[in-house]
Each structure stands twice: as C-alpha cells, then as structure tokens.
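The following exercises train the reading of a protein model. Please attempt each task before turning to its solution.

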Amino acid sequence: MKILVLNSGSSSIKFKLFKDDEAIAAGLIEKIGENTSKAELKNIKTDDKFIKEGCIKNHEEGLDIVNELFKQSGLLEDLSLLDACGHRVVQGGAKLMKHCLIDDSVIAEIDRVSVMAPLHNPAHLAGIRTMIKKAPKVPNVAVFDTAFHSSMPDYAYMYALPYEYYEKDNVRRYGFHGTSHSYVSRKGAEFLGLAYENFNTITAHLGNGASISAIQNGKCIDTSMGLTPLEGLMMGTRCGDLDPAIVPYIQKTRGLSADEVDSLMNKKSGFLGICGYNDLRDVDAKRKEKDDKARQAIQMYTYRLAKYIGSYFAILPRTDALIFTAGVGENASFIRKETCDFIKHLGFDIDENLNNERLSKIREISTKNSKIKILVVPTDEEFEIANTAKNLVSK
C-alpha cells in the first residue's frame, strides 16, 4: 500500500510517503503565501532531492507541486494512485475521540471545534479539502492528537468548573501529541520485552511544544495538556501552568484584551518570555555564557518537568519506564540529566555516559541500579499516522 501522510500548517505542509510500512520519501512546503515559498521532496533511499522555489499561493497549489515533485522522483505518478492519505488533526473535540475515515460530517465537526485549536485545525482542514479535491477517490483518514488520551477517567479530564461548561461547551482536558505518546510507549514496551497491555510508563514528549503522559496498562490515564495545547509544561513560547487569576489581573493592569493575553501566553511566554530565546540550543548557549535568565529558564523547565514526573509516579501503581522523546527529549542530554537529578530519590538514576551518547536509535540511559528504566525513544508520528490510516482503510 502507498500511503501519504500530511501535516498541514497555516503556511506549511509537511508530508511523508510510505510504501508497505516503510517511508520512501519525505518533504516540506514552507512559507505558503509568500514570494519566498519553497517545496522540497527527498527520496529517503537515494538521498536525491527535488526542489521548487517561488511563490506558492495556497495549499491547493502546494499539493499540485507535491504531485509534480513525486512525478519527477519516479516514486508516485499521481496522487490519485495512493491507497490512502492520513491527516494529522490536533483537536477532534468531544465527538471525534477516535481516528476515523473523513466524510462531510467529520469535516464539519473539525471545523466546529477549531475554536479550541485556532492555529492548527483550520490549516488541517485546508489540507484535507485540497486532498479531496485533487484525488477524490482516495480515502482520507483523520488521526487526532487527542484520540490516545480518550481513555482518561472522568476525574482526570474534568475541570472543577460549573458542570454546564462541560455539558454545553465541551470544556475538559483533551491532551495532545497523542500519536507520539502512543508510538513511543509501544516501542518502549517492545524494547523492554514487556506486553503493552501490562506496560506502565511516563512519556515525556519534549519539543518546542511539550507534554507528558501517564500510561497504565497501555492506556493513557492522565496528560499535561488540557482543553488546548497551552496547559502543562513550560515550552518554547507557551507559559504552561499558571494561576488562572493572572489572566484578569494582567487584563486590568495592562489594559489588554482577551485576544492579546491569549497571544501573550501562547507566543511570547515560556523560554522566550523568560530569557528572550525560544530555541533551547540558544538558551543553553546563553547559560554557558553565564546569562542568569537563561540559567533560570532551564531550571524552571526541568523543575516543572520533574514535578509532573513525580505526580504521575505517584498515581501509577507501578512505573516500568520513563521515556524521553521528540526534539528536546531525544537530543538534549542535559535536560534529561537535570530533570532526573530532581527525582533521583524516587529511583530515577541516569547513567551519564549512556545519556551523553549521540545515537538516533532507541536506548536505555539508566544505571543498572536504577529502580526505573529510563529510555530515549525516537518518535515517528508520521509512521503512527500511516499505520492508523492503513488499518482503517483495510477494514
């Protein structure tokens, strides 16, 4: 089967082509709508690259160029020859709690809940609608970031607000990065030779956006992100957890609108707000230059991450492993070490030599005496999406 995975952003399309469970091509269209747009496709086996530069007006034109580049590469003659297309969708809301084939009713519901993911869902819809237009006979599958977390019990996903806000407005914890948490937890169990249905783990997806999940017997029982991807850990530009009374306080003292505060918390906070840099590599470089705000930002980050790990350790009856994944989780050894240093007394004992190795494969980085296994598991959300799409289409 040939399956295309699309992750459509507001000004970009990230894509990957799979053939029989193996990725054969990957690419990116960036700066859609600008004069400096660029589309690039890479043949994974040969490293050959196919590039087109120049203004790409919209997603529809972008997919036309993807089709053109696939044809040039010889990997796919036309998008209409695909067996399926899997789409990453950040927010499915209360009615779309499972991955599904896309029809008009699914599109309408993704659109309806876009208010909870205004930066993501409209872009996903642009990709979905364009794909349907370009290849109307190819089945499309929605793979929701929120689906993996649908197993949370009600006492974990509810907020202590008047119940009508849950009943009428679907205000609850949804959680995100679900495809990543699902993929790395399964890979972690496989690596340790444990049955997934009996596997208890804490998974930390750490990138520019970050979330952490508690998984018991292969099912999510709690996660850090909430109604939106803003709650939880400190992130590149997002504040994470804070006292909700700060919002009206800032509105009154600074004369800001609700939209301005929302932008402040999502785009101007986190690492960026504390020390002026949102890329952890830059923050670490400034810390090495004795920048105290950079030092503080990293300690805030690892301290909050350690607190979440500790809280999930408390609610799991047994913890088989702690898993680090995504860009920061896989590559920033100092983040892993400094986080585990906070919770060493709980049995998380990291081996510094193993931790400092630069490897791109799944590996254990805990000491032999560590009570909890500590793993680094490279995530592959596109593979998870492709596999989900294949399974749904095959049914």
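Two strands pair if DSSP finds at least two bridges between them. Helices (H or I, at least four residues) and strands (E, at least two) are DSSP runs, numbered from the N terminus. The model is predicted: local features need pLDDT of at least 70, side-chain atom pairs count only at pLDDT 80 or more, and totals for chains, interfaces and linings use all residues. Residues are numbered from 1 along each chain as its sequence is written, and side-chain values use heavy atoms, with hydrogens and water left out.

**Exercise 1. The open sheet**

Determine the order of the strands in the open sheet, and state which strands are the edge strands.

Solution.
Step 1. The open sheet is formed by 8 strands in the order E5-E4-E3-E2-E1-E6-E8-E7, and its pairing is mixed.
Step 2. Strand E5 (49-53) and strand E7 (100-101) are the edge strands, since each pairs on one side only.
Step 3. The antiparallel strands E7 and E8 (residues 140-144) are joined by 2 bridges. Within this pair, Leu101 has Val141 as its bridge partner in E8.
Step 4. Helix H3 (residues 121-134) packs on the sheet and touches strand E1 (2-8), strand E6 (84-89) and E8. The direction of H3 makes about 170 degrees with that of E6; such angles run from 0 to 180 degrees between N-to-C directions, and the axes are lines fitted to C-alpha atoms, for helices over the stretch in contact.

**Exercise 2. Strand E1 and its partners**

In which sense does E1 pair with E2, and in which sense with E6?

Solution.
Step 1. E1 and E2 run antiparallel and are joined by 7 bridges. They form a hairpin with 3 residues between them, and Leu6 stands opposite Phe15 in E2.
Step 2. With E6, E1 pairs in the parallel sense over 4 bridges; here Leu4 stands opposite Cys85 in E6.
Step 3. E1 is mostly covered, as 5 of its 7 residues are buried. Buried means under 20% relative accessible area, exposed over 50%, and partly exposed in between (1.4 Å probe, protein chains only).

**Exercise 3. The hairpin of E10 and E11**

Describe how E10 and E11 pair, and how many residues of E11 are buried.

Solution.
Step 1. E10 and E11 pair in the antiparallel sense over 4 bridges, and Ser213 has Thr223 as its bridge partner in E11.
Step 2. The two strands form a hairpin with 2 residues between them, and Asn217 in the turn has a positive phi of about 55 degrees.
Step 3. Strand E11 (residues 219-223) has 4 of its 5 residues buried, so it is largely enclosed by the rest of the structure.

**Exercise 4. Positive phi values**

Are Asp20 and Ala326 buried or exposed?

Solution.
Step 1. Recall the usual case: most residues other than glycine have a negative phi.
Step 2. Asp20 has a phi near 50 degrees, a positive value. Asp20 lies in the loop between strand E2 (12-19) and strand E3 (22-30), and it counts as exposed because its relative accessibility is 53%.
Step 3. Ala326 has a positive phi of about 75 degrees. Ala326 is placed in helix H12 (residues 326-331), and it counts as buried because its relative accessibility is 6%.

**Exercise 5. The nonpolar cores**

Which residues touch the most other members of the largest nonpolar core?

Solution.
Step 1. A nonpolar core is a set of buried Ala, Val, Leu, Ile, Met, Phe, Trp, Tyr and Cys residues joined through side-chain atoms within 4.5 Å.
Step 2. The largest core has 46 residues, of which Leu206, Ile212, Leu280 and Ile335 touch the most other members.
Step 3. Among the elements that give two or more residues to this core are strand E9 (201-206), helix H11 (292-315) and helix H13 (333-342). H11 supplies the largest share, 9 residues.
Step 4. Beyond its neighbours within four places in sequence, Ile335 is in contact (heavy atoms within 4.5 Å) with Leu206, Leu280, Ile298, Tyr301, Thr302 and Val328.
Step 5. A second, separate core of 26 residues includes Ala25, Phe70, Leu79 and Cys85.

**Exercise 6. The buried side of H8**

Which residues of helix H8 are buried, and what covers them?

Solution.
Step 1. In helix H8 (residues 258-267), the buried residues are Val261, Met265 and Asn266.
Step 2. These residues lie on the same side of H8, because they cover an arc of only 125 degrees around the axis. The arc is that of the directions from the helix axis to the C-beta atoms.
Step 3. Helix H7 (246-254) is included in what covers them.
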